[in-house]
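Q: Please take a close look at a single part of the structure shown here and describe it with care. Then connect that part to other local features, in terms that a first-year student can follow.

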Amino acid sequence: MNKKGLSERDICTKFITPAIERAGWDIATQIREEFPLTNGRIIVRGKLHTRAANKRADYILFYKPGIPIAVVEAKDNNHSIADGMQQALNYAEMIQVPFIFSSNGDGFLFHNKLKTAGQVENEITMEDFPSPEQLWQMWAAYKGINTEQSAIVTQDYYSGGSNKTPRYYQLLAINKTIEAIAKGQKRILLVMATGTGKTFTAFQIIWRLWKSKTKKRVLFLADRNILIDQTMTNDFKPFGSAMTKIQKRQADKSYEIYLSLYQAVTGTEEEQNIYKQFSPNFFDLIVIDECHRGSAAEDSNWRKILEYFSSAAQIGLTATPKETKDISNINYFGDPIYTYSLRQGINDGFLAPYKVVRIDFDKDITGWRPDKGMTDKYGNEIEDRIYNQKDFDHSLVLEKRTELVARKVSEFLRQTNRYDKTIVFCENIDHAERMRQALVNENPDIAADNPKYVMRITGDNEEGKMELDNFIFPESKYPVIATTSKLMTTGVDAQTCKLIVLDQQINSMTEFKQIIGRGTRINEDYGKYYFTIMDFKKATELFADTDFDGEPVEIYEPETMNESPVPPDDFETDHDISNLIYSQNDQNSETFTVNENGTGSFGNSEDSTRVKKYYVSDVQVTVAAERVQYFDANGKLITESLKDYTRKALYKEFSSLDDFLKRWNHAEKKQAVIEELTEQGVFFDALAEEVGRNLDPFDLICHVAWDKPPLTRKERAENVKKRNYFEKYVEQARKVLEALLDKYADEGVIHIEEPQILTINPFSSFGTPMEIIKKFGGLEKYQQALNELEYQLYCA
């Protein structure tokens, strides 16, 4: 058999897979071919999106399902044995396995990461591939796992017969946690971005420890009722009759898996601390969901529960570990055993990227001072001082400001989709109610058709809370816009939320990450691939914080009051609603009252300080002029001119103009070069807007980087026509090429390279795509003609 003539897939089927099977690997449970590691980052282009290529290993080998141990990368026989090694090493680093193989069908190059001295890589024959047990024994010995611990670490995952494999980062989180507990670690912290499956991860950890009888009684704690109910009916459903929810302050000790609100087992009085009905040694595993919200504080109710059950292993789950002077997850749990960040989730394509629209108002920037003796709408004299953004919607209400926010939000929705689920985060309940009214007034047509188009969903409003499920469920059309005032509660996610509006000051990175997390879930069935944040109070300045780990694909700032709040398509770069149900004893719940004289007050308890609030209805507020900001491929703000930034980016990629021309001319498809440069942070659309809308990417590059005089696409097309090079083709083929040239002049080179172009006018009048290709003598000759057309376009 001539191996040189075989494809890579043939090499796998005929040589590599049989060699691995002969070593004792089970094709059904241990060998996973073409294993997808990522989904491919979602790249946003105006209102359109696409996915970058996903990362996919030729083989991932599992010691047992869910326990990866080796990577094998294959190449066809025209490559050397070692040609796949660097790629395989990258995949191995992602999934953190120590054994890496590369093969072309002649043998294997074996890389052993456990070796720190001597020969790390060596070639082995096709007959010498190691068995699963050989590799596992080496790895277990390296990690110090004894026989008893090995039984725990290799306990089966729950599959439910679906053979569904958790994502690579979930496998890492689960396996690292199981191994830590098997070795006796008592406190464990897992940090996983919102939307990456923390609850599913927790379920698999608990299931495996429970099934191995390592942990027999488990307590899962959360602080929102809906979190417990969703967990029981979804991820934890396989526990069946072994599972119960602690409620009505009753402790039934006949179950094995307990789920509870911490409020349900604690209280201010000793007799309300239901958890003390259990002995301190009753639970041997406690899992705390969203542990940043209380377990880290030394005087919190959660902390008291954890200290009471101190003999149990304790796992903290969070998307946003909290680190302040008084509260620290890390001080209690220790450093995270595994972290999967928002940035990683977006880059891997598991989380939705987002755009940012920043809108600043004149009064927010310059402040506002009342005239001496000025009264508000209720006749109350306004204290004479300068009011700024921190005062607005607290001690002073500028009603025109609220109306302008509502107008800008409504403009955005009209220009995108008026039925896109939207959350507006306000300063307080009073602000949320006024925002609801302003949004209703901006959308009278839809509000008249359905009064639930805009709803205030806050802790004090039963009607709003009753609509929460309808807002969350993708199938429910209404409500569309939810106004709310709470930020620190998380866990209820509106999968189809496409617009998050921030009209609330946010000074905490933890809260900011929670807000971002409200929109990060992807729902392809409902067209949710990315979302937009509309920021009216500079909250997104937190992007500059070194603790932030997931930059936006763009930040856009309208320059005038009348400019659209929707980022223009030529601006683009490549780069869960908050839980609105509050428990009755929520310490953060807020009440607001309007007094008979029109002044208002708000606070967090009956004894809170009453703050006078002035309502001013006749002060105009306008949008201040701002500038557009760009972010590079690494998510960093570009502070230099776009041309200078692009020039530097191109100089990094190409040593000279000749180097660029060589790459461009030898590229089978120009689209590949354009996409590669886009991923490196070249903003072709923004450059075209600045340099010339009718310029080809080729001319943009040559002009910006090497100061070459640019030609428009139309000029390039006319130059080709003057050369009469079409004469060598038959008349019908010539007409096709002339039409392709016209399409290039109108739309650019990427469009003429797409095979689908032959299905649209005017090509459809020439025949079917197959008939058109036959006019050139077949697909290969059609491609040659297209390549020659491109050569003619760029040869001068």
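A: In this predicted model, the buried residues of helix H6 are Lys198, Phe200, Thr201, Ala202, Phe203, Gln204, Ile205, Ile206, Trp207, Arg208, Leu209 and Trp210. The helix is thus mostly covered, with 12 of its 14 residues counted as buried. H6 comprises residues 198-211, and from its first C-alpha to its last it reaches 20 Å. That span is close to the 20 Å expected at 1.5 Å a residue.

The chain just beyond this helix also deserves attention. Just after H6, Lys213 takes a positive phi of about 65 degrees, although Lys213 is not a glycine. Lys213 is placed in the loop between H6 and strand E10 (218-222). Is Lys213 buried or exposed? Its relative accessible area is 62%, so Lys213 is exposed, whereas Lys198 and Arg208 are among the buried residues of H6.

A positive phi also occurs elsewhere. In Lys538, a residue other than glycine, phi is positive and near 60 degrees. Lys538 is found in the loop between E22 and strand E23 (554-556). With a relative accessible area of 31%, Lys538 is partly exposed.

Other loops contain cis peptide bonds. One such bond joins Tyr478 and Pro479, with omega at about -5 degrees. Pro479 belongs to the loop between helix H17 (468-472) and strand E20 (481-484). Another cis peptide bond joins Asn761 and Pro762, where omega is about 0 degrees. Pro762 sits in the loop between helix H26 (749-753) and helix H27 (769-774).

A loop residue may also be buried, as Phe350 shows: its relative accessible area is 7%. Phe350 lies in the loop between helix H11 (342-348) and strand E16 (354-358). In sequence, 308 residues separate Phe350 from Ile42, yet their C-alpha atoms are 8.8 Å apart in space.

The next topic is the pairing of helices. Helix H24 (residues 713-723) packs with H25 at an angle of about 160 degrees, and their axes are 7 Å apart. Because of this angle, H24 is roughly antiparallel to H25. The crossing of the two helices, H24 and H25, is right-handed.

Helix H25 (residues 731-747) also holds both partners of a charged pair, Glu731 and Lys735. The two form a salt bridge in which the closest N and O atoms are 3.8 Å apart. Why can such partners meet within one helix? An α-helix has 3.6 residues a turn, so residues three or four places apart point the same way. Glu731 and Lys735 are four residues apart, about one turn of the helix. Lys735 counts as partly exposed, at 40% relative accessibility.

More generally, side chains of opposite charge can pair when their charged atoms come close. The structure holds 41 salt bridges. Some of them share partners and thereby join Asp364, Asp393, Arg401, Glu427, Asp430, Arg434, Asp503, Lys537 and Lys613 into one network.

Salt bridges may also link distant parts of the chain. The side chains of Arg51 and Glu524 meet in a salt bridge at 3.0 Å, N to O. This pair is 473 residues apart: Arg51 is in strand E3 (residues 48-51), while Glu524 is in the loop between helix H18 (509-517) and strand E22 (531-535). Arg51 counts as partly exposed at 26% relative accessibility, and Glu524 counts as partly exposed at 42%.

Another such pair is formed by Asp156 and Lys64, whose side chains meet in a salt bridge at 2.8 Å, N to O. These partners are 92 residues apart, with Asp156 in the loop between helix H4 (147-153) and helix H5 (168-182) and Lys64 in strand E4 (residues 56-64). Asp156 is partly exposed, with a relative accessible area of 41%. Lys64 is likewise partly exposed, at 26% relative accessibility.

Cysteine residues complete the account. How many disulfides does a search of the whole structure find? The search finds zero. Cys702, at 6% relative accessibility, counts as buried, whereas Cys795, at 37%, counts as partly exposed.

Technical notes. Residues numbered from 1 in each chain as written. Predicted model: local features only at pLDDT ≥ 70, side-chain atom pairs only at ≥ 80, totals over all residues. Heavy atoms only, no water. Salt bridge = Lys/Arg side-chain N within 4 Å of Asp/Glu carboxyl O. Buried < 20%, exposed > 50% of the residue type's maximum accessible area, 1.4 Å probe, protein only. Disulfide = S-S within 2.5 Å. Expected span 1.5 Å × (residues − 1). Axes fitted to C-alpha atoms, helices over the stretch in contact; angles between N-to-C directions. Parallel < 35°, antiparallel > 145°, perpendicular 65-115°, else oblique. Left-handed = near helix turned anticlockwise from the far one by under 90°.
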